[in-house]
Amino acid sequence: MNTTVREEGNLYIATLEGRLDTASAEQTAKDLLPLNDTIGHDIVIDCSRLEYISSSGLRILLNIRKHAATSHSKVTLLNPNADIMKVFQMTGFLNLFDVKND
């Protein structure tokens, strides 16, 4: 799992690449810690290269959303593939996050 976070203006953009499963969740959570300080920033999580997400990965996304909500920041999930969209749909994530496809 490769995770990058960059700042562009008033956005934090996180890119998830690979399999976000139990084995990679701990390191991914550490890599995404900068997203917990979202004051003045909205968050875009680029899922276009995310191949798989487990319940551990879903918890990470929920934690990001929780922190963002406290500072009135918006979290957008960008370009999830069809399999990831099915997971988001089954788990109710489509009701919790803005999801955009280019």
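Phe 88, Phe 93 and Phe 97 form one aromatic cluster in this predicted model. A search of the whole structure finds two aromatic pairs. In one of them, Phe 88 and Phe 93 are stacked, with 5.6 Å from centre to centre and 5° between the planes. The other joins Phe 93 to Phe 97: the ring centres are 5.2 Å apart and the planes lie at 20°, so this pair is stacked as well. The angle that decides this is under 30 degrees for a stacked pair.

The three rings are also covered. Phe 88 has a relative accessibility of 0% and counts as buried. Phe 93 is buried, with a relative accessible area of 4%, and Phe 97 is buried with a value of 4%.

**Charged side chains**

The count of salt bridges in the model comes to five. Three of them are listed here.

| Pair | Closest N to O distance |
|---|---|
| Asp 21 and Arg 19 | 3.9 Å |
| Lys 30 and Glu 26 | 3.7 Å |
| Lys 74 and Asp 98 | 3.6 Å |

How far apart in sequence are the parts that Lys 74 and Asp 98 tie together? Lys 74 lies in the loop between α2 (55-70) and β4 (75-78), and Asp 98 lies in strand β5 (residues 98-100), so the salt bridge ties together parts that are 24 residues apart in sequence. Both partners are partly exposed: Lys 74 has 37% relative accessibility, and Asp 98 has 36%.

The bridge between Lys 30 and Glu 26 stays inside one element. Both residues belong to helix α1 (residues 22-31) and are four residues apart, about one turn of the helix. Is Glu 26 buried or exposed? Glu 26 is exposed, with a relative accessible area of 57%, whereas Lys 30 is partly exposed at 47%.

In the pair of Asp 21 and Arg 19, the aspartate is the buried partner: Asp 21 has 19% relative accessibility. The limit for a buried residue is under 20% relative accessible area, so a value of 19% falls on the buried side. Arg 19 is partly exposed, at 42% relative accessibility. Arg 19 has a further partner, since its charge lies over the face of Tyr 52, at 4.3 Å from the ring centre. Arg 19 thus takes part in a salt bridge with Asp 21 and sits over an aromatic ring.

**The chain as a whole**

The chain has four helices and five strands. From the N terminus on, these elements run in the order β-β-α-β-α-β-α-α-β.

Does the radius of gyration agree with or depart from that of a compact globule? For 102 residues, such a globule would have a radius of gyration near 13 Å; the chain has 12 Å, which agrees. The C-alpha trace spans about 30 × 25 × 25 Å along its principal axes.

Burial and contacts can be given for the chain as well. Of its 102 residues, 44% count as buried; Phe 88, Phe 93 and Phe 97 are among the buried residues. Among contacts with a separation of 6 or more, 67% are made by residues 24 or more positions apart. The chain exposes about 5700 Å², and carbon and sulfur atoms supply 49% of that area.

Key. Residues numbered from 1 in each chain as written. Predicted model: local features only at pLDDT ≥ 70, side-chain atom pairs only at ≥ 80, totals over all residues. Heavy atoms only, no water. Salt bridge = Lys/Arg side-chain N within 4 Å of Asp/Glu carboxyl O. Buried < 20%, exposed > 50% of the residue type's maximum accessible area, 1.4 Å probe, protein only. Helix = DSSP H or I, 4+ residues; strand = E, 2+ residues; numbered from the N terminus. Phe/Tyr/Trp six-rings, centres within 6.5 Å; stacked < 30°, edge-to-face > 60°. Lys NZ or Arg CZ within 6 Å of the ring centre and 35° of its normal. Rg over C-alpha atoms; globule rule 2.2 N^0.38 Å. Contact = heavy atoms within 4.5 Å. Areas by Shrake-Rupley, 256 points an atom, 1.4 Å probe, with all protein chains shown as cover.
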